[in-house]
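Q: Could we go through this structure together? I should like to begin with the overall fold and then turn to the salt bridges.
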Amino acid sequence: MLRATVKLCCGIAHDHLRRLPGLKITAVAAIQKDVRGLAVRGSRRLHSKIPHYIQRLMGKETDVSPSQFSSVDLFYITQGETALQRALSILQQHTSWQAETMLDAGAAVSSAALPGLGKVFRAEVVLAVPVARLHRELFERIEQMPQWNPTLGQVKVLQRIGTDTLVTHEVTAPSPGNLVGQRDFVSVRHRGRRETAVYLVGTATHVEPLPLQEGCIRAESRLSCIVLQPLAGDPGRTRFTWLLSMDLKASAAVVFSLPKGWIPTSIINRVLPQSQADFIKHLCRHLSATAC
């Protein structure tokens with residue numbers, strides 16, 4: 001039963017099931033029940049049967065009480081961990097990345113078309129800031145982002161689950177010319193660590209009830225992953241890598257009198273890498289202005 005439910009839970013990450021939260025929550029609840037049963041019975045094979053992150057939730061490596069998490073909590077954690085594993089797979093495989101642009105801050109942006117995600121943009125830069133500080137600004141202080149990033153109107157943490165998972169609602173600020181229009185996102189954000197690197201991943205999720213924002217179009221983050229890696233031989237500097245794939249959704253009021261509900265691919269392919277460029281630029285300015 002455990003093996004079957006784990007497989008089902010892995011399958012819920014597939015795009016065509018993302019709009020069936022009831023099925024997802026049921027799958028995670030089944031895993032929760034099976035794993036707790038193993039824990040109660042003191043199974044010595046627990047570590048070989050279930051994913052590492054669920055072992056941690058069940059208190060095998062920490063002092064966390066299993067009763068702390070509901071099936072919905074585990075649903076969000078599973079979404080975050082699935083996004084992390086997907087990002088790790090992309091980063092580890094030999095992908096043919098095509099150069100897009102070079103930013104003023106020295107960041108290089110490239111892209112690749114990947115199965116299940118479409119076009120993914122990758123930004124890479126070395127920042128003269130330690131990992132811990134970037135980590136704090138991008139995860140611990142996420143609600144303060146609009147204070148230094150004018151492309152964001154609001155970031156609100158709807159739920160904190162344990163120490164490594166957040167459910168957030170972000171609203172973009174109006175853009176000059178309103179080329180694409182305001183978007184809002186409901187996301188799971190999850191933190192992972194591998195050796196010296198910190199991984200901050202995000203993916204679209206479902207929250208009830210959270211009505212659509214007036215004047216906004218509900219968009220989705222297919223995958224976002226920021227990797228913070230201390231530079232070899234210089235821990236005061238960080239290698240910053242960012243994977244980004246989004247579905248901005250169609251707008252019924254697109255400029256240029258285009259067919260209703262359609263945004264040209266050329267515009268999307270310009271907006272996403274530019275959003276990465278703007279984010280890095282504003283982040284660098286903020287860090288310079290608040291240098292300790």
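A: Helices, of at least four residues, and strands, of at least two, are DSSP runs numbered from the N terminus. The model is a predicted one, and its secondary structure comes to eight helices and 10 strands.

Q: What share of the residues is buried?
A: Of the 292 residues, 48% count as buried. The protein exposes about 14900 Å², of which carbon and sulfur atoms supply 53%.

Q: Moving on, how many residues of helix H6 are buried?
A: Seven of the 10 residues in H6, which spans residues 131–140, are buried. Among them are Val131, Leu134, Leu138 and Phe139, together with the charged-group carriers Arg133 and Glu137.

Q: And Glu140, what does it pair with?
A: Glu140 forms a salt bridge with Arg191, with the closest N and O atoms 2.6 Å apart. This pair links distant parts of the chain, since Arg191 lies in strand S6 (residues 183–194) and Glu140 in helix H6, 51 residues apart.

Q: Is Arg191 buried or exposed?
A: Arg191 has 7% relative accessibility; the cut-off for buried is under 20%, so Arg191 counts as buried. Glu140, by contrast, is partly exposed at 39%.

Q: Which other residue does Arg191 bridge to?
A: Arg191 also forms a salt bridge with Asp164, the closest N and O atoms being 2.9 Å apart. Asp164 sits in the loop between strands S4 (152–161) and S5 (165–172), 27 residues from Arg191. Asp164 is buried as well. Glu140, Asp164 and Arg191 are thus linked in a network of salt bridges.

Q: How many salt bridges are there in the whole structure?
A: A search finds nine.

Note on methods: Residues numbered from 1 in each chain as written. Predicted model: local features only at pLDDT ≥ 70, side-chain atom pairs only at ≥ 80, totals over all residues. Heavy atoms only, no water. Buried < 20%, exposed > 50% of the residue type's maximum accessible area, 1.4 Å probe, protein only. Areas by Shrake-Rupley, 256 points an atom, 1.4 Å probe, with all protein chains shown as cover. Salt bridge = Lys/Arg side-chain N within 4 Å of Asp/Glu carboxyl O.
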